[in-house]
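Here are some exercises to work through with the model open beside you. Try each task before you read its solution.

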Amino acid sequence: MPVDPVCGIELDESLALVYEHEGKKYYFCCHGCKRIFTKKPNKWKKSK
Ligand SMILES: [Zn+2]
């Protein structure tokens, strides 16, 4: 299951908002989280 990197909630892939960054897809629970991520993607990206 995808996890919202901003708030850490597990998401249903079919309902989540998707944002693609550097070829990787990120999923969000709401527009607020997505906006936070898109402002500073490097802050929220997983370091793995
Ligand atoms: Zn969220």
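**Exercise 1. Find which rings are linked into a cluster by ring pairs.**

Solution. Ring pairs join Tyr 19, Tyr 26, Phe 28 and Phe 37 into a cluster. A pair here means that ring centres of Phe, Tyr or Trp (its six-membered ring) lie within 6.5 Å, with planes under 30 degrees apart called stacked, over 60 edge-to-face and the rest tilted. Before going further, note that this is a predicted model: local features need pLDDT of at least 70 and side-chain atom pairs count only at pLDDT 80 or more, while totals for chains, interfaces and linings use all residues. Residues are numbered from 1 along each chain as its sequence is written, and side-chain values use heavy atoms, leaving out hydrogens and water.

**Exercise 2. Work out how many aromatic pairs the structure holds, and take two of them apart.**

Solution. Step one: the count is 3 aromatic pairs. Step two: Tyr 19 and Phe 37 meet edge-to-face, 5.9 Å centre to centre with 75 degrees between the planes. That pair links distant parts of the chain, with Tyr 19 in strand S1 (residues 17-21) and Phe 37 in helix H1, 18 residues apart. (Helices are DSSP runs of H or I, at least four residues, and strands are E runs of at least two, numbered from the N terminus.)

Step three: check burial, where buried is under 20% relative accessible area, exposed is over 50% and partly exposed is in between, using a 1.4 Å probe and protein chains only. Tyr 19 is partly exposed at 23%, whereas Phe 37 is buried at 0%. Step four: Tyr 26 and Phe 37 have ring centres 4.7 Å apart and planes at 40 degrees, so this pair is tilted. Tyr 26 sits in strand S2 and Phe 37 in helix H1, so the pair ties together parts 11 residues apart in sequence. Tyr 26 is buried too, at 7%.

**Exercise 3. List the residues of the largest nonpolar core.**

Solution. The core is a set of buried Ala, Val, Leu, Ile, Met, Phe, Trp, Tyr and Cys residues joined through side-chain atoms within 4.5 Å. Its 5 residues are Val 6, Tyr 26, Phe 28, Cys 33 and Phe 37. Strand S2 (24-28) and helix H1 (31-39) each give two or more of them. Now look around Tyr 26: leaving out residues up to four places away in sequence, its contacts (heavy atoms within 4.5 Å) include Pro 5, Leu 17 and Lys 45.

**Exercise 4. Identify the protein donors of the zinc ion and explain why the arrangement is tetrahedral.**

Solution. Donors are N, O and S atoms within 2.8 Å of the metal (3.2 Å for Na, K and Ca); water is not among the atoms, so sites may look incomplete. The zinc donors are Asp 4 (OD), Cys 7 (SG), Cys 29 (SG) and Cys 33 (SG), 2.0 to 2.3 Å from the ion. Their angles run from 99 to 121 degrees, which makes the arrangement tetrahedral, a label that requires all angles of four donors to lie between 85 and 135 degrees. Along the chain the spacing reads D-x2-C-x21-C-x3-C. Cys 7 is in the segment before S1 and Cys 33 in helix H1, so the two tie together parts 26 residues apart in sequence.

Burial comes last: Cys 7 is partly exposed at 37%, Cys 29 is partly exposed at 36%, and Cys 33 is buried at 8%. Cys 29 lies in the loop between S2 and H1.

Definitions and conventions: Four donors count as tetrahedral if all angles lie between 85 and 135 degrees; four count as square planar and six as octahedral if opposite donors are over 155 degrees apart and all others between 65 and 115; anything else is irregular.
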